[in-house]
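Reader: I have a sequence and a model on my screen. Please take me through it, one question at a time.

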Amino acid sequence: MASLGQITLPRAPSLEMSLLRRRFDRPIRTRIGFNGRIVSEQAQVSVKASVSQKAIEEEARVLVGTYARAPVVLSSGKGCKLIDAEGKEYLDCASGIAVNALGHGDPDWLQAVTDQAAVLAHVSNVYYTIPQIELAKRLVASSFADRVFFCNSGTEANEAAIKFSRKFQRYTHPQDKEVATGFIAFTNSFHGRTLGALALTSKEQYRAPFEPIMPGVTFLEYGNVQAATDLISSGKIAAVFVEPIQGEGGVYSATKEFLQSLRSACDAAGSLLVFDEVQCGLGRTGNLWAYEAFGVTPDIMTVAKPLAGGLPIGAVLVTEKVAETIKYGDHGSTFAGNPLVCSAAIAVVDKVSKPSFLASVSSKGIYFKELLVKKLGGNSHVKEVRGEGLIIGVELDVPASPLVDACRDSGLLILTAGKGNVVRIVPPLIILEEEIERAVEIIFQKLTALG
């Protein structure tokens, strides 16, 4: 990939230092402690510091060690700001891994959740509830889909899509002894951690400890039109799973040619085309759905992360030809689509789907990338800034973790992606321009962490 232009700007005063000054450049106040002794404010800070350490130590004793967590205990948030147990503020450009589209504590979201929780939170899918129907109506009206299936997460959505794809092939070929059961996925893909979705996830280190997993998946190079067309035409592929924009894989965008070729090949062979928009969908790219920018519609689309603004939900959007093959008992979920999460999701969809909101995401995304190029372009470790809307990747020629850690210590939360060499920036969609400028400045100041 081509390097960015060599741009060098004077270093601005360190934001970290200004934060430290605000905290410590003030008189030391005192209070009377419980034992009657005078306690300084600085002493209080050191006492408070034990809160996070205690939580971290207790977590290690009672939780399964599946997460390599950052050493931060977060306690509250508002907008794009998070606050830890000691009162330190962070600018959140991770948004719960692209979940908190409206930031933290959005008043309309909060009102929807509290109002619904006060009357009815859960009854299971044995019964009808209005919020579930209303949310499904919105998703159908705003997309290619005719029907919706609700679940609880992105990986569950992809598990459902796997089942729907195989059921579709059996339903539409009732006389055939053998029907298409294979799947195509692509390099750098991430579709989830349950066994079916894991089988579609390309990173071997995620899959190897749990093999044998679901058979029948072939990984092809992301963007390789010829290889995909040839395999689809074999007639053995039930469905092709593809992310229009890969998030976990390193913020890579498909081309129109690639997605259009998949659509044409699937139509010719009778395979289904599944778009995984768990991370890139619902406004993240500046379009409501990422597929809109490519002029290609799938047969199935999986969505999840931002849909309920922080509450667990997933959804599988399908065309009528897929939906008619799914019958009572073919799939289900106890918690899925309950009134509480659906009311939250309605609040999110109603805000995000407004043209003015989407236009603001697009313009802020352009500004964010331009500023990153301007400020980081002169650094030899920075190879490319890419992305659409507010899903942005900064590719480095070295591991990104030291930079991510340094930014966190300076009050900015960002993520890694790809092979660990990509900085992933997925802030709340409500981020302000001045917050974008602050984020870029911190990243710029902390480039020294790369060596």
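Reader: Is Glu 388 buried, partly exposed or exposed?
Author: This is a predicted model. Buried means under 20% relative accessible area, and exposed means over 50%. Glu 388 has a relative accessible area of 38%, so Glu 388 is partly exposed.

Reader: Which strand holds Glu 388, and which residues does Glu 388 touch?
Author: Glu 388 lies in strand 15, residues 382–388. Leave out residues up to four places away in sequence. Glu 388 then touches Ile 245, Arg 284, Thr 285 and Lys 369.

Reader: How far apart in space are Glu 388 and Cys 280?
Author: In sequence, Glu 388 and Cys 280 are 108 residues apart. From C-alpha to C-alpha, the distance between Glu 388 and Cys 280 is 9.0 Å.

Reader: Is Ser 52 buried or exposed?
Author: Ser 52 sits in helix 2, which covers residues 41–62. Beyond four places in sequence, Ser 52 touches Val 73, Ala 85 and Glu 86. The cut-off for buried is under 20% relative accessible area. Ser 52 has 8% relative accessibility, so Ser 52 counts as buried.

Reader: What share of the residues in the protein is buried?
Author: The protein has 15 helices and 19 strands. Its residues number 451. Of these, the buried share is 49%.

Reader: Which residues touch the most other members of the largest nonpolar core, and which helix gives the most to this core?
Author: The largest nonpolar core has 84 residues. Phe 186, Leu 262, Phe 368, Leu 372 and Ile 425 touch the most other members. The most, eight residues, comes from residues 339–352, that is, helix 12.

Reader: Which residues is Leu 372 in contact with?
Author: Set aside the neighbours of Leu 372 within four places in sequence. Leu 372 is then in contact with Gly 377, Val 385, Ile 392, Val 394, Ile 425, Val 440 and Ile 443.

Reader: How many residues are in the second, separate core?
Author: Phe 168, Leu 200, Ile 300 and Val 318 are included in this second core. It is separate, and its size is 27 residues.

Reader: Where is the second largest pocket, and which helix gives the largest share of its lining?
Author: The second largest pocket holds about 1100 Å³ of space. Of its 26 lining residues, Gln 132, Arg 147, Val 148, Phe 149 and Tyr 328 are closest to the centre. Helix 5 (130–141) and strand 6 (147–151) are the elements that give two or more residues to the lining. The largest share, five residues, comes from helix 5.

Reader: How many charged residues line the second largest pocket?
Author: The lining splits by class. There are 14 nonpolar and seven polar residues in it. The charged residues number five.

Reader: How many charged residues line the second largest cavity?
Author: There are two cavities of 30 Å³ or more. The second largest has about 30 Å³ of space and is lined by 13 residues. Ser 124, Asn 125, Gln 132, Gly 337 and Asn 338 lie nearest its centre. The lining has five nonpolar and eight polar residues, and the count of charged residues is zero: no charged residues.

Reader: Over which residues does pLDDT stay under 50?
Author: The protein averages a pLDDT of 91, and 89% of the residues score at least 70. Where pLDDT is low, the predicted coordinates should not be read in detail. The stretch with pLDDT under 50 has 62 contacts beyond four places in sequence in the model, and it covers residues 1–45.

Methods: Residues numbered from 1 in each chain as written. Predicted model: local features only at pLDDT ≥ 70, side-chain atom pairs only at ≥ 80, totals over all residues. Heavy atoms only, no water. Core = buried A, V, L, I, M, F, W, Y, C linked by side-chain atoms within 4.5 Å. Buried < 20%, exposed > 50% of the residue type's maximum accessible area, 1.4 Å probe, protein only. Helix = DSSP H or I, 4+ residues; strand = E, 2+ residues; numbered from the N terminus. Contact = heavy atoms within 4.5 Å. 1 Å grid on protein atoms, 1.4 Å probe; cavity = no way out; pocket = protein on both sides within 12 Å on 5 of 7 lines; lining within 4 Å. Points joined across faces, edges and corners; volume = space filled by probe spheres on them. Nonpolar A, V, L, I, M, F, W, Y, C, P; charged D, E, K, R; others polar. pLDDT = per-residue confidence, 0-100.
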